[in-house]
Amino acid sequence: MTEAEQEKAPDLNALEQEGEIAADYVEGLLDIADIDGDIDMDVEGDRALVSVVGLKSTELVGPAGEVLEALQELTRLAVHRQTGERSRLMLDVAGYRERRRAELTKLGTEIAIQVKERGESKALQPMTPFERKIVHDAVAAAGLRSESEGEEPQRYVVVLPA
C-alpha cells in the first residue's frame, strides 16, 4: 500500500472506538427512556455504524426520520467530546435507514429513467445529506449526472439529462 493509500484508508481501530463510544451513549439514552433494544456495531466503508435493533415502536425514528437524525447528531457530539475528532458515525434504529436506502435507490433509478426519456432536468424534494447521497449514487449508476442545490435544510437533488 502506498503512503497516499494509507492516508486515505480508514483507521479501523478509530472507527471501532467511535462505535463503542456511540453504542455506550445510545445504550445510556435507551436506559434513561426505559426503552428495550439491543445495540449492534459495525464498520461500513469509512464510518462506524451503530444500530438499535429489536424495537417494537418507531418513537426513536419519528416522522420522516427526524428523531433519528437528532439522535445521530447527539451521538456524533458525544463521540467528538471523547475523541476530539469529528465523527461520520451512522446511527440506525429498527432498520429505518436500510428501508429508506432501498426506497431512495428505487426513486433515483426511476427518476433517472424519466429524465433519460424526457430529456429534461428533474428536481426532487428536499432531503438530508444521507438521502441525497443515495439518490446521487443511484442516478450515477443509471448513467446520468445529478447535483445538489439549495441551502440546508431545503437542499435537494436535481437530476440532469445526458
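**Helices and cores, term by term**

Q: Which residue follows α4, and is its phi positive or negative?
A: Glycine 119 comes right after α4, and its phi is positive, near 70°. This is a predicted model, where local features need pLDDT of at least 70 and side-chain atom pairs count only at pLDDT 80 or more, while totals for chains, interfaces and linings use all residues. Residues are numbered from 1 along each chain as its sequence is written, and side-chain values use heavy atoms, with hydrogens and water left out.

Q: What makes α4 a helix?
A: A helix here is a DSSP run of H or I with at least four residues, numbered from the N terminus (a strand is a run of E with at least two). α4 has 23 residues, 96-118, so it passes that cut-off. The expected span is 1.5 Å times one less than the number of residues; α4 reaches 33 Å from its first C-alpha to its last, close to the 33 Å expected.

Q: Why does the span of α2 agree with a helix?
A: At 1.5 Å a residue, its 22 residues should span 32 Å, and the end C-alpha atoms are 31 Å apart, which agrees.

Q: Why are Leu15 and Leu30 of α2 called buried?
A: Buried means under 20% relative accessible area (exposed is over 50%, partly exposed in between; 1.4 Å probe, protein chains only). Both are on the buried list for α2, along with others including Ile21 and Val26. The buried residues of α2 pack against β1 (38-44), β2, α3 and β3.

Q: What makes a set of residues a nonpolar core?
A: The members must be buried Ala, Val, Leu, Ile, Met, Phe, Trp, Tyr or Cys, joined through side-chain atoms within 4.5 Å. The largest such core has 19 residues, and Leu30, Val50 and Val52 are among those touching the most other members. Its largest share, five residues, comes from α2. A second, separate core of 16 residues includes Val115, Met127, Val139 and Val159. In soluble globular proteins, nonpolar side chains tend to be buried together.

Q: Which residues are in contact with valine 52, leaving aside its neighbours within four places in sequence?
A: Contact means heavy atoms within 4.5 Å. Among the residues that valine 52 contacts are Val26, Leu30, Ile39 and Val93.

Q: How do you know that aspartate 11 makes a polar contact with asparagine 13?
A: A polar contact is a pair of N or O atoms within 3.5 Å; within protein, one must be able to donate a hydrogen and the other to accept it, and residues adjacent in sequence count only if both atoms are side-chain atoms. At the start of α2, a side-chain oxygen of aspartate 11 comes to within 3.1 Å of the backbone nitrogen of asparagine 13, so the distance fits the cut-off.
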